[in-house]
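Here are a few exercises to work through with the model open beside you. Try each task before reading its solution.

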Amino acid sequence: MHAFAAWLQASSASNTIQSVSWVIPLLQSIHILMIGVVFVSSLMIALRVLGLMRVDQPFEAVWHRFAPWMWSALIVMAGTGLLLVLGEPIREFTALSFWIKMLLLAAGVTSTALYGHALKSGVRVRVRGSAEFSAGAKAMSILLVALWLSVVFLGRAIAYDREVWGALSLHA
Amino acid sequence: MRTSVKAMPIVEAIHVLAAATVFGTIFIVDLRLLGLPDTRRPVTVVCREMLRLTWGAFFVALCAGLLMFAANAHTYYGNTAFRLKMLALLGAGVNMLLFHRLTFRNVAAWDQNAPVPMAARLAGATSMILWVSVIFLARWIGFTKGYDFRIPPNTHINFQF
């Protein structure tokens with residue numbers, strides 16, 4: 001993995017990202033703005049499931065209001081994230097936080113897609129004969145917000161792998 | 001805090017997350033002020049719902065930010081990106097104050113299903129630009145401030161272990 005990271009870091013695309021001083025801060029800034037959009041969109045959906053926000057609107061309306069923003073911002077986030085990895089592959093690939101982040105990210109995206117589908121269809125997520133969501137659906141929405149929170153924390157922790165993970169750090 | 005290797009990443013992560021939440025929630029209000037996605041939801045309701053989250057997140061970001069500043073006050077103070085960020089924050093505050101004191105007073109006339117007046121649209125657009133600038137400038141600080149390793153005068157350091 002380290003050899004691959006070193007090869008990638010020596011590539012011309014990586015060199016361009018590294019050598020132009022404003023590219024990495026620009027990409028990171030866009031990445032952070034998109035975190036705001038993704039996190040707040042998923043928070044709005046979760047708060048609606050919990051019955052704490054926009055209860056005057058049907059769930060479908062809230063989903064249609066925020067889900068497109070969430071998915072679009074996720075795509076931009078993935079794009080800027082990929083470029084950041086391309087720019088500093090050794091920094092990312094040798095950080096334990098990066099790999100756990102990727103794992104949680106995959107889990108977050110998959111479960112949001114599946115969960116969103118279940119919420120929209122309304123099957124098995126509503127209390128029978130009521131518009132209210134079941135306890136399981138509510139727990140899942142809290143879990144997803146917690147998952148996104150962990151992803152953000154791990155993202156920042158990439159810069160401090162040894163300090164955060166100590167002996168577990170992948171830093172040589 | 002400089003000497004605690006674990007404090008910085010935690011405080012920074014909280015700061016990033018809280019700042020992203022401030023941006024995300026205020027963005028929803030700004031969009032509504034621009035009449036987006038539509039004018040069906042009352043401006044007063046959108047403001048009431050979002051701004052409590054915005055203020056909560058802002059308070060958290062402020063606390064974490066103050067801790068970060070305290071750990072490296074001298075270098076932050078002299079950093080241009082930091083100064084510009086503070087200016088942008090001040091601008092966002094003034095913009096919000098003017099909006100609430102002047103434009104928002106006759107909100108009843110354009111609260112729902114009505115075109116948003118130009119002054120409110122302008123306030124929304126200004127807020128968007130300023131908050132995006134705050135995030136960009138904030139990220140720039142990390143790439144320009146360097147670190148202050150100087151030992152404060154009159155500090156006694158015992159090198160005997």
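Helices (H or I, at least four residues) and strands (E, at least two) are DSSP runs, numbered from the N terminus. This is a predicted model, in which local features need pLDDT of at least 70, side-chain atom pairs count only at pLDDT 80 or more, and totals for chains, interfaces and linings use all residues. Residues are numbered from 1 along each chain as its sequence is written, while chains are lettered from A and ligands numbered from 1 in the order in which they are written.

**Exercise 1. Describe the fold of chain A.**

Step 1: count the elements; chain A has eight helices and zero strands.
Step 2: read them in order, which gives α-α-α-α-α-α-α-α.
Step 3: take the extent of the C-alpha trace of chain A, about 60 × 35 × 20 Å along its principal axes.

**Exercise 2. Follow helix H3 of chain A and what comes after it.**

Step 1: compare spans. The expected span of a helix is 1.5 Å times one less than its number of residues. H3(A) has 27 residues and reaches 39 Å from first to last C-alpha, close to the expected 39 Å.
Step 2: check burial. A residue is buried if 20 or more other C-beta atoms, placed from the backbone, lie within 10 Å of its own. By that test 22 of the 27 residues of H3(A) are buried, leaving the helix mostly covered.
Step 3: look past the helix, where A:Gly51 follows with a positive phi, near 75 degrees.

**Exercise 3. Find the partners of A:Val38.**

Step 1: fix the rule; two residues are in contact if their C-beta atoms, placed from the backbone, lie within 7 Å.
Step 2: set aside neighbours within four places in sequence, and A:Val38 is in contact with A:Met70, A:Ala73, A:Leu74, A:Met77 and A:Trp148.

**Exercise 4. Trace the largest nonpolar core.**

Step 1: define it as a set of buried Ala, Val, Leu, Ile, Met, Phe, Trp, Tyr and Cys residues joined through C-beta atoms within 7 Å.
Step 2: the largest such core has 74 residues, and A:Val38, A:Val152, B:Ala19, B:Phe23 and B:Ile135 have the most contacts inside it.
Step 3: rank the suppliers; H1(B) gives the most to this core, with 16 residues.

**Exercise 5. Work out how chain B meets chain A.**

Step 1: the contact takes 21 residues from chain B and 20 residues from chain A.
Step 2: on the chain B side, helix H1 (7-33) and helix H5 (118-144) each supply at least two residues.
Step 3: H1(B) provides the largest share of that side, eleven residues.

Notes. A residue is buried if 20 or more other C-beta atoms lie within 10 Å of its own, exposed if 12 or fewer, and partly exposed in between; C-beta atoms are placed from the backbone.
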